[in-house]
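Trainee: I should like to learn how to read the features of a protein model in a systematic way. May we go through one together, feature by feature?

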Amino acid sequence: MSYESEKKVVLGFYDALSRSKDPAIAETLSNYCEKGLLWRGFHPFNELTGIDDVVQKFWLPLWSSLTGLQRRMDVFMAGANEIDGHSSVWVVSMGHLMGLFDNNWLGIPPTHKMVFLRYCEFNKIENGKITETAMYFDIPHLMMQAGLQPFPPQTAAQLVQPGPMTHDGLMFGPQPAVEGEKTLAAINAMISDLGRWDSGLSLVDELRRTWCEDMIWWGPSGIGATYTIERYAKQHAGPFRSSFADRSKTKHICRMAEGHYGGFFGWPNFTARPTGGFMGMPATGKTGEFRVIDIYRRSGDKLAENWIFIDLLHFWKQQGVDILARMAEVPRT
């Protein structure tokens, strides 16, 4: 399948949204989305139902805060959802929303300079309309650009993350079906390994089964980005595994692939209980949810790059730490 009609809906929506002024945003969403749109976003937005709710709580505040908003896509793809037996089609976009941070957003003070909000968006298309959206974004990344430090020092690197090294992530046209099948197979093999945590292999040897040696893991702010299997094991995978117990099985809402790219999201993806220090904070022993989007690039028969969006604000709020509320208490000069 080419998914051309579904891609056309989302590209039309993005184009109309980029030309909309504040009063017209609601009309734009009405033209491209079902009235009862189910919209899932990171804390503090969470789950919204209906176009009016999405416009008033998310789009209008963001639009008024990041003036001159631009969508800078690095990945654009579509595919049939493996989770529901390939009966639904989802269109995926990933990159940054860029604008001039001119007004307060979520209590984050404006810088009056350009900022980048990392995002990834899954849109379910039915009968020519968007009926469900998962819009995940890295709010701590924006906070750090505004000079705030929402978390203790992270184990990996903090930076504005680029798109794929191969610059082939924007798939506006059809891709060979066999390539998407290979990508989905590589992702599923990795998920199978990840779900065990007790393969009998060392972590590095386990990772080598499904990852390229020079893999790049583009993690969320608070954890950071890391390069090569050895450093990924040291700077994220190892610390994460040693910090948690009772990891649940993976529960995805959508998992798909097209060409050399693929990904998934869940609500939540899984739960786990922190029993060791994580992200520089002490363990609570309270089971927490991990809302995650993962986007992958495949090279050969292994995974080469991975962009990850984790709702860390939601996770830490479940642990009793409200990052946004704590930020509001910081004295301003």
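Mentor: Certainly. Please keep in mind that this is a predicted model. A search of the whole structure finds three cavities of 30 Å³ or more.

Trainee: How much space lies in the largest cavity, and which residues lie nearest its centre?

Mentor: A cavity is a space where a probe fits but cannot get out. Here the largest cavity holds about 430 Å³ of space. Its lining comprises 28 residues, and those nearest the centre are L194, Y232, H236, R247 and F270. The elements that each give two or more residues to this lining are the helices α5 (177-194), α6 (203-208) and α7 (229-243), together with the strands β7 (211-218), β14 (292-299) and β15 (302-310).

Trainee: Which element gives the most to the lining of the largest cavity, and how is that lining divided by class?

Mentor: Helix α7 gives the most, with five residues. By class, the lining has 17 nonpolar, six polar and five charged residues.

Trainee: How should I read a pocket, and how much space lies in the largest pocket?

Mentor: A pocket, unlike a cavity, is an open set of points. About 270 Å³ of space lies in the largest pocket of this model. It is lined by 15 residues, with Y3, A177, G180, E181 and A257 nearest its centre. Strands β3 (66-80) and β10 (254-258) and helix α5 each give two or more residues to the lining, and α5 gives the most, with four. The lining has eight nonpolar, five polar and two charged residues.

Trainee: Y3 was named among the residues nearest the centre of the pocket. What is the phi of Y3, and where is its place?

Mentor: Phi is a backbone angle, and its sign deserves attention. Y3 has a phi near 60°, a positive value in a residue other than glycine. Y3 belongs to the segment before α1, and it counts as buried because its relative accessibility is 12%, under the cut-off of 20%. L106 also has a positive phi, of about 60°, although it is not a glycine. L106 is placed in the loop between β4 (89-101) and β5 (114-126), and at 25% relative accessibility it counts as partly exposed.

Trainee: Strand β10 was mentioned as well. Is E258, which is found in that strand, buried or exposed?

Mentor: E258 is buried, with a relative accessible area of 4%. Leaving out residues up to four places away in sequence, E258 touches ten residues that include S2, Y3, K7, M77 and G180. Sequence distance and spatial distance should be read separately: E258 and T183 are 75 residues apart in sequence, and their C-alpha atoms are 7.5 Å apart.

Trainee: How does E213 in strand β7 count: buried, exposed or partly exposed?

Mentor: E213 counts as partly exposed, at 44% relative accessibility. Neighbours within four places aside, E213 is in contact with R208, T228 and I229. The C-alpha atoms of E213 and K302 are separated by 9.4 Å, although the two residues are 89 apart along the chain.

Trainee: How does one read the burial of a helix, and which residues of α2 are buried?

Mentor: One asks where the buried residues point around the axis. In helix α2 (residues 25-32), the buried residues are I25, T28 and L29. Seen down the axis, they fall within an arc of 95°, so they line one face of the helix. What covers them includes α1 (4-19), β1 (33-41) and α3 (51-65).

Trainee: How many disulfides are there?

Mentor: A disulfide is a covalent bond between the sulfur atoms of two cysteines. The count here is zero. For C120, the nearest cysteine sulfur is that of C254, 10 Å away, which is too far for a bond. C120 counts as buried at 0% relative accessibility, and C254 is likewise buried at 0%.

Trainee: Finally, where are P44 and P268 found, and what kind of peptide bond precedes each?

Mentor: The angle omega describes the peptide bond. A cis peptide bond joins H43 and P44, with omega about 15°; P44 is in the loop between β1 and β2 (47-49). The bond from W267 to P268 is cis, with omega near -5°, and P268 lies in the loop between β11 (261-265) and β12 (270-274).

Key:
Residues numbered from 1 in each chain as written. Predicted model: local features only at pLDDT ≥ 70, side-chain atom pairs only at ≥ 80, totals over all residues. Heavy atoms only, no water. Buried < 20%, exposed > 50% of the residue type's maximum accessible area, 1.4 Å probe, protein only. Arc of directions from axis to C-beta. Contact = heavy atoms within 4.5 Å. 1 Å grid on protein atoms, 1.4 Å probe; cavity = no way out; pocket = protein on both sides within 12 Å on 5 of 7 lines; lining within 4 Å. Points joined across faces, edges and corners; volume = space filled by probe spheres on them. Nonpolar A, V, L, I, M, F, W, Y, C, P; charged D, E, K, R; others polar. Disulfide = S-S within 2.5 Å.
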